[in-house]
Amino acid sequence: MKCVICHGDEIEVMEVKEEFTVGSDIVYVPTKVSVCKNCGERYYDRRTMQFLEEIEGKLFKERGKLKEVGKVLMYD
Ligand SMILES: [Zn+2]
């Protein structure tokens, strides 16, 4: 498989942090996806997409179970 962005062929499965926004919070979900090592483009297969959609639906309800690892700050 070649990267459609940079045409590189170094695509590897890596663990990345997918970001979801819940209200004004940001939730990181560790996810294994194929990533182009050259340009960083992420490739999602159907199973990963389904997994992320499921998680997204649960995040709001299960917000209380999430661990706080940082804060979201705004400069204004
Ligand atoms: Zn690439």
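**Reading a predicted model, value by value**

User: Why does Val-27 count as buried?

Analyst: In this predicted model, Val-27 has a relative accessibility of 10%. The cut-off for buried is under 20%, and 10% lies under that cut-off, so Val-27 counts as buried.

User: Where is Val-27 found, and which residues does Val-27 touch?

Analyst: Val-27 is found in strand β2. Leaving out residues up to four places away in sequence, Val-27 touches Glu-18, Glu-19, Phe-20, Val-22, Leu-59 and Leu-66. Glu-68 is 41 residues from Val-27 in sequence, with 9.0 Å between their C-alpha atoms.

User: Val-22 is one of the residues that Val-27 touches; is Val-22 buried or exposed?

Analyst: Val-22, whose place is in strand β1, has a relative accessible area of 7%. Since buried means under 20%, this value makes Val-22 buried. Apart from neighbours within four places in sequence, Val-22 is in contact with Val-27, Leu-59, Phe-60 and Arg-63. Arg-63 is 41 residues from Val-22 in sequence, and their C-alpha atoms are 8.3 Å apart.

User: Which residues make up the largest nonpolar core, and what makes such a set a core?

Analyst: The largest nonpolar core has seven residues in all: Phe-20, Val-22, Val-27, Val-29, Leu-52, Ile-55 and Leu-59. A set of this kind is called a core because its residues are buried, belong to a list that includes Val, Leu, Ile and Phe, and are joined through side-chain atoms within 4.5 Å. The elements giving two or more residues to this core are β1 (11-22), β2 (25-36) and α1 (46-59), and α1 gives the most, with three residues. Leu-52, which belongs to this core, touches Glu-18, Phe-20, Thr-31 and Tyr-44 when residues up to four places away in sequence are not counted.

User: Why does Thr-48 count as buried?

Analyst: The relative accessibility of Thr-48 is 11%, and because the cut-off for buried is under 20%, Thr-48 counts as buried. Thr-48 has its place in helix α1, and, with residues up to four places away in sequence not counted, Thr-48 touches Thr-31, Lys-32 and Val-33.

User: How do you know which residues coordinate the zinc ion?

Analyst: A donor is an N, O or S atom within 2.8 Å of a metal such as zinc. The SG atoms of Cys-3, Cys-6, Cys-36 and Cys-39 coordinate the zinc ion at 2.3 Å, so these SG atoms fall within the cut-off and count as donors. Along the chain, the donors follow the spacing C-x2-C-x29-C-x2-C. Distant parts of the chain are linked by the pair Cys-3, in the segment before β1, and Cys-39, in the loop between β2 and β3 (42-43), which are 36 residues apart.

User: Why is the site of the zinc ion called tetrahedral?

Analyst: The angles among the four donor atoms run from 103 to 116°. Four donors count as tetrahedral if all angles lie between 85 and 135 degrees, and therefore the site of the zinc ion is tetrahedral.

User: Are Cys-3 and Cys-39 buried, exposed or partly exposed?

Analyst: Cys-3 has a relative accessible area of 1%, under the 20% cut-off, so Cys-3 is buried. Cys-39 has a relative accessibility of 38%, which falls between the 20% and 50% cut-offs, and therefore counts as partly exposed.

User: Why does Asn-38 count as exposed?

Analyst: Asn-38, which lies in the loop between β2 and β3, has a relative accessibility of 57%. Exposed means over 50%, so Asn-38 counts as exposed. Between the C-alpha atoms of Asn-38 and Phe-20 there are 25 Å, although the two are 18 residues apart in sequence.

User: What makes Lys-2 exposed, and which residues does Lys-2 touch?

Analyst: The relative accessible area of Lys-2 is 56%, and because this value is over 50%, Lys-2 is exposed. Lys-2 has its place in the segment before β1 and touches His-7, Gly-8, Asp-9 and Ile-11, not counting residues up to four places away in sequence. His-7, also in the segment before β1, has a positive phi of about 65° although His-7 is not a glycine.

User: Which residues lie nearest the centre of the largest pocket?

Analyst: Of the 14 residues that line the largest pocket, Ile-26, Val-27, Lys-67, Glu-68 and Val-69 lie nearest its centre. The pocket holds about 500 Å³ of space, and β2 gives the most to its lining, with five residues.

Technical notes
Residues numbered from 1 in each chain as written. Predicted model: local features only at pLDDT ≥ 70, side-chain atom pairs only at ≥ 80, totals over all residues. Heavy atoms only, no water. Buried < 20%, exposed > 50% of the residue type's maximum accessible area, 1.4 Å probe, protein only. Helix = DSSP H or I, 4+ residues; strand = E, 2+ residues; numbered from the N terminus. Contact = heavy atoms within 4.5 Å. Donors = N, O, S within 2.8 Å, 3.2 Å for Na, K, Ca; no water. Tetrahedral: all angles 85-135°; square planar, octahedral: opposite > 155°, others 65-115°. 1 Å grid on protein atoms, 1.4 Å probe; cavity = no way out; pocket = protein on both sides within 12 Å on 5 of 7 lines; lining within 4 Å. Points joined across faces, edges and corners; volume = space filled by probe spheres on them.
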